[in-house]
Amino acid sequence: MIEVQDLTRRFGPLIAVDGLSFRVERGEVVGFLGPNGAGKTTTMRILSGYLPATSAGTVAVAGHDVLRDSMAVRRSIGYLPESVPLYPELRVEEMMRFQGKLHRLERRALRTRIDEVLERVGVLDRSRQLVGTLSRGLKQRVGLAVALLPDPEVLILDEPTSGLDPIQRREVRRLVAELSDQHTVLLSSHILAEIETMAPRVVILHEGRKVADGDQSSIIESLSGGAAGHVSLEAAAAAEPDRMAELIGSLPGVARVEVGERVGIHHSFSVFGEGDLREDVGALAMTQGWALRELTWKRPSLEELFTRLVIGTLDAEEEPVPRSVAEPAVEVSSAPDLPLAGGELPLGAPGTSAQKTIYSLNPFDRGASRDLSKPVSVDDPSPAEDDPESGA
Amino acid sequence: MIGAGVVFQREFAGLFRAPFTWVVLLVVLLLNGLLFNGYLTASGNVSGALDGALTGFSFWVWMVFLPALLAMRLVAEESRSGTLEYLLTAPVSDLAVVTGKWLAALAFLAVLGASSLSYAGMIQAVGGQPDWPAVMGTWVGTVLVAALFVAIGMLASTFTSTPLLAAFLSMVACVSWLLVPLLAEQALGYVLPFLGETAEARASILAAIRGVTANMDAFGHFQRSFRIGVLDSSEVVFFLTWTALFLFLTARSLEARRWRG
């Protein structure tokens, strides 16, 4: 449906799109993702015939070459630019009729088609209203209706959810989901959550180049270096964290265990291995009598990878940014050293050194029998705690 | 050309939905009426007043201002509001868009120009004898001059996203266009003595340059035929050719915008 090969577009010295190639098959919903200025809009404008490409191998939409057969392309696409260009002095139905005439729809059919499309996007009751008086969300929907009117094979939607409130966003998402069974949809956003819910396949652009392409799980897999996810474990136990890690590492299927930060009395671990190992780790915790606080199957979200990717690239090109900034994905990063500076045990919230009383969380120890009305101090002989003095 | 028709319809209807258009209408009709009244009291004779109102200095002032004011929004406004992106990705050619818009502004000016016809009608009604061929010829000439100047104004409108700047550019262009023969004569007066040795050589250079300026002389072409009620096809062709050239340039300029992005 959409075929782009080696597409380059320059604006003077600026390279907006740099050797971009991708394909969109019939019936697919593909999301363009990238920060502002990544080349999403430029690519869409080229596909819609608004801008010519500086150089390109092939740019074809619905089987027509964009440059040579521009009219055929324009007839077979519905393009909604980000600014939602509508004539403010026209009524909604007049705007629709104008679009219908431009696309040479038959007069009789046009009337029913207009009602049908307005109904579909939910603005049929506004058909007599002036476009200029519509709210942002309604305007967006009318824009979508205008794009949909000629029943195009391909829909190109540039930031269809920008400027909308959460409810309107959800409705646009629902609309796009409905459209996907009849149209090929290419949409863009710089909001990952949007793309994640709307488009099964994502093309990530950065500085005019494609940095990833595929369904979300495969993108996540490829960008995160093969690890699809890991089990995050936080537990309090009498044992040393290294010993705990060793035990976890002995489980079948576990490839690697990273000892994370210590939060209060809990040690955190990231367990990497084949698939979801929660049950095995949980069973181990049971037998060892560890008091669990968290046992989660963590997949890096597209958001995390995306941020890492973008900032990472900047990192490589410009002056080095401290690693902690370059790695916002906290769950994946490892910090094996316990922050035991001065031999003091950082209890409570990480970063505060003030000693706090906490409840013993070991259910096998005395949690069930203790007086629940009184907090138990850690200074009491606590089996759930490793001794800071001995550690230091 | 169906596309041009669709664009024309929207543009023409859109003109009458803009308050700006009504203000222009009001001001022009009011001033034109006052001017006609002024010409009537000044000349004291009916045909003189009509002549003044239809082809006098005020006429040419209108001809410079009105097309510029109408044409300035045609492209610049759409470029600013973003609807140009919609129009240029619709299945109509750039030339159809340009033609449709040009026709809309022209139709408006033709209707506005027709208001002057009502003066002749009124004179007829009160028992005067207006020179109808000259009046009608003048109206046709008005439309043709407007056609050319709207085309020039539209070209200016594609250069910028600021309508007022476009209007200014267009007025400057139209005034220079009208003054080309005059300016050329003036300039020649200074440089001609240095161009040719003999009187014959100078005369031939003068004739050659006059031949060029005569082909750009909107004023002369208008005065020679339409004003006296003669519909000369060569004069019509003169205006239509220049108009076509500027429409073509406008379409090319729109395309150049795409390349610039």
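This is a chat about two interfaces in a predicted model, the one between chain A and chain B and the one between the two domains of chain A.

Trainee: How many residues does each chain bring to the contact between chain A and chain B?
Mentor: Chain A brings 28 residues to that contact, and chain B brings 26 residues.

Trainee: And what's the area buried there?
Mentor: The area buried between chain A and chain B is about 2,600 Å², and carbon and sulfur atoms give 61% of that area. On the chain A side, A:Y50, A:Y87 and A:L102 together supply 26% of what chain A buries against chain B, which is more than any other three residues supply.

Trainee: How many salt bridges are there between chain A and chain B?
Mentor: The count is three salt bridges between chain A and chain B. One salt bridge joins A:E89 to B:R10, where the closest N and O atoms are 2.8 Å apart.

Trainee: What about polar contact between chain A and chain B?
Mentor: There the count is 14 residue pairs in polar contact, with both residues at pLDDT 80 or more.

Trainee: Which elements of chain A touch chain B, then?
Mentor: The elements of chain A that give two or more residues to that side are β1 (2-11), α1 (40-48), α2 (70-76) and α3 (92-102). Of these, α3(A) gives the most, with six residues. By class, the residues on the side of chain A that touches chain B divide into 16 nonpolar, four polar and eight charged.

Trainee: Switching topic: where are the domains in chain A?
Mentor: The domain assignment gives domain 1 as 2-223 and domain 2 as 230-326 in chain A, and the C-alpha centres of these two domains lie 40 Å apart.

Trainee: How many residues of each domain are in contact?
Mentor: In chain A, 15 residues of domain 1 are in contact with eleven residues of domain 2. The area buried between the two domains is about 1,200 Å², of which carbon and sulfur atoms give 77%.

Trainee: How many salt bridges does the rule find across that domain interface?
Mentor: Between domain 1 and domain 2 of chain A the rule finds zero salt bridges, and it also finds zero residue pairs in polar contact when both residues must be at pLDDT 80 or more.

Trainee: So which part of domain 1 gives the most to the side that touches domain 2?
Mentor: In chain A, α7 (192-198), β9 (201-206) and α8 (216-223) each supply at least two residues to that side of domain 1, and α8(A) gives the most, with five residues. By class, that side of domain 1 of chain A has nine nonpolar, four polar and two charged residues.

Definitions and conventions: Residues numbered from 1 in each chain as written. Chains lettered and ligands numbered in written order. Predicted model: local features only at pLDDT ≥ 70, side-chain atom pairs only at ≥ 80, totals over all residues. Heavy atoms only, no water. Contact = heavy atoms within 4.5 Å. Buried area = accessible area lost by both parts, 1.4 Å probe. Salt bridge = Lys/Arg side-chain N within 4 Å of Asp/Glu carboxyl O. Polar contact = N/O pair within 3.5 Å; in protein donor to acceptor, adjacent residues only side chain to side chain. Helix = DSSP H or I, 4+ residues; strand = E, 2+ residues; numbered from the N terminus. Nonpolar A, V, L, I, M, F, W, Y, C, P; charged D, E, K, R; others polar. Domains from an automatic or database assignment.
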